[in-house]
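This report looks at how a ligand is held by a protein chain and at how the parts of that chain meet.

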Amino acid sequence: MRVSVVGATGAVGQRLLEILEARAFPIRSLRLFASDRSDGKFISFSGRSIRCEVLTPGCFFESDLVFFDASDAVSEKWAPQAAAAGAWVVDNSAAFRLDVDIPLIVPEVNGGILIERIKRGVSALSPRERIIAGPNCSTVQLVVALAPLRDHWGLRRVVVSTYQSTSGAGSAAMSELQSQTAAVLEGREIASQLFPHSIAFNCIPQIGSFKDDGTTSEEQKIMQESRKILGIPDLRISATAVRVPTLVSHGESVNVECEKVFSIEAVRKVYQNLMGLVLQDQPEDKIYPMGFPGAKSTVEGASGRDAVYLGRLRLDTSVESGLNFWIVADNLRKGAALNAIQIGEMLVQAIG
Ligand SMILES: NC(=O)c1ccc[n+]([C@@H]2O[C@H](COP(=O)([O-])OP(=O)(O)OC[C@H]3O[C@@H](n4cnc5c(N)ncnc54)[C@H](OP(=O)(O)O)[C@@H]3O)[C@@H](O)[C@H]2O)c1
């Protein structure tokens, strides 16, 4: 594939390049794009140094596959141009996620939709139909955990509270956490630029902007995208999104009410045999999912790894068929870059 990456210098873009290299994605040529701030900067990939470019009309004419990891505005403007030039587009922004004619894909959950589309043949597809969206990072890990419950026992209601790391807001947001933390420890004044309040030593119950109904744009994304990916347009789901002072990996406390009665052993068995999910649930040994348990910990952390980790699995006896669990995943990998590459691998397999 002739591959292009837009947003190659960002938190997701950098992770995408690492994973493309590590998984030996079949790349014939690679072009890297970012803003004019990065024009001419060299980025190493597979032992080569590749010069970062700015987007210009016609720049996608020699691309088969373009990963977009910049902003909604960049995707809105440039993704249709890439598709019109004949490329497949895998877009990680929110620009197209809820469009009815654009598939929103988490391969383990609804990859079949993409296979159906590819089977129609590239020539039968309009440029717009070659755009594939990747979900919000919090949505990805949630639907990986919910899909098997939907399949076995049906979903009646879902309540999710997120604990989202600063990298979910990009690489500059990680720097803000680090510089604010140092400032607080050194007794200096702190300034908040990207977050509405200080993120050092604080949790902020606001991600995105507030809507008229009191929810935030992030909470809306989690609810609407989950409904679309799970194929349940009227799923009763309620989300609260909170930013926490960590660098990488999002945690989510999930409460589910199922349609049918189940045993906790049956749920455990399903999760033990699920692709892309690791059941990490031995509370008696203090083993449960975490992002970064510390260099000396024997517990495997989710940060830098591919899977969604699930633990603290227990019945919620306040309702008839209730379940509580805790999930953690690396938001930059499964929540964004890895998911996009898995979509790219499906394309390679189907049309390569
Ligand atoms: N972070 C996550 O966990 C996550 C998860 C799922 C989806 N996403 C989505 O992935 C995208 C990237 O997020 P991120 O966290 O990686 O953000 P980021 O760290 O802020 O990186 C943004 C990237 O976009 C580039 N860019 C900015 N303006 C541009 C322009 N006009 N033309 C071309 N490139 C431009 C930046 O280049 P410069 O370095 O030159 O400024 C940088 O490479 C966003 O749409 C985000 O919503 C992120």
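Into how many nonpolar, polar and charged residues does the shell around the ligand divide? In this predicted model, the shell divides into ten nonpolar, 14 polar and three charged residues. Of the 27 residues around the ligand, the ones that come nearest are Thr9, Val12, Ser35, Ser38 and Ala70.

Two of these nearest residues, Thr9 and Ala70, also appear in the table below, which lists polar atoms of the protein beside oxygen atoms of the ligand.

| Residue | Protein atom | Distance to a ligand oxygen atom |
|---|---|---|
| Thr9 | side-chain N or O atom | 2.5 Å |
| Arg37 | polar side-chain atom | 2.8 Å |
| Ala70 | backbone N or O atom | 2.8 Å |

Alongside these contacts, the protein buries 78% of the 900 Å² that the ligand exposes when it is taken alone.

Turning to the elements behind the shell, helix 1 (11-22) supplies at least two of its residues, and helix 8 (333-351) likewise supplies at least two. At the level of domains, the assignment for the protein chain gives domain 1 (2-135 + 336-351) and domain 2 (138-331). Why does the ligand lie between domain 1 and domain 2? The ligand is placed between them because both domain 1 and domain 2 give residues to the shell around it.

The two domains also meet each other directly, with 17 residues of domain 1 in contact with 19 residues of domain 2. Between them, domain 1 and domain 2 bury about 1500 Å², of which 64% is on carbon and sulfur atoms, while their C-alpha centres lie 26 Å apart.

Definitions and conventions: Residues are numbered from 1 along each chain as its sequence is written. This is a predicted model: local features need pLDDT of at least 70, side-chain atom pairs count only at pLDDT 80 or more; totals for chains, interfaces and linings use all residues. Side-chain values use heavy atoms; hydrogens and water are left out. A residue is near a molecule or strand if one of its heavy atoms lies within 4 Å of it. A polar contact is a pair of N or O atoms within 3.5 Å; within protein, one must be able to donate a hydrogen and the other to accept it, and residues adjacent in sequence count only if both atoms are side-chain atoms. Accessible areas come from the Shrake-Rupley method with a 1.4 Å probe; for residues, only the protein chains shown count as cover. Helices (H or I, at least four residues) and strands (E, at least two) are DSSP runs, numbered from the N terminus. Ala, Val, Leu, Ile, Met, Phe, Trp, Tyr, Cys and Pro count as nonpolar, Asp, Glu, Lys and Arg as charged, and the others, Gly among them, as polar. Domain bounds come from an automatic or database domain assignment. Contact means heavy atoms within 4.5 Å. Buried area is the accessible area (1.4 Å probe) that two parts lose on being put together, summed over both.
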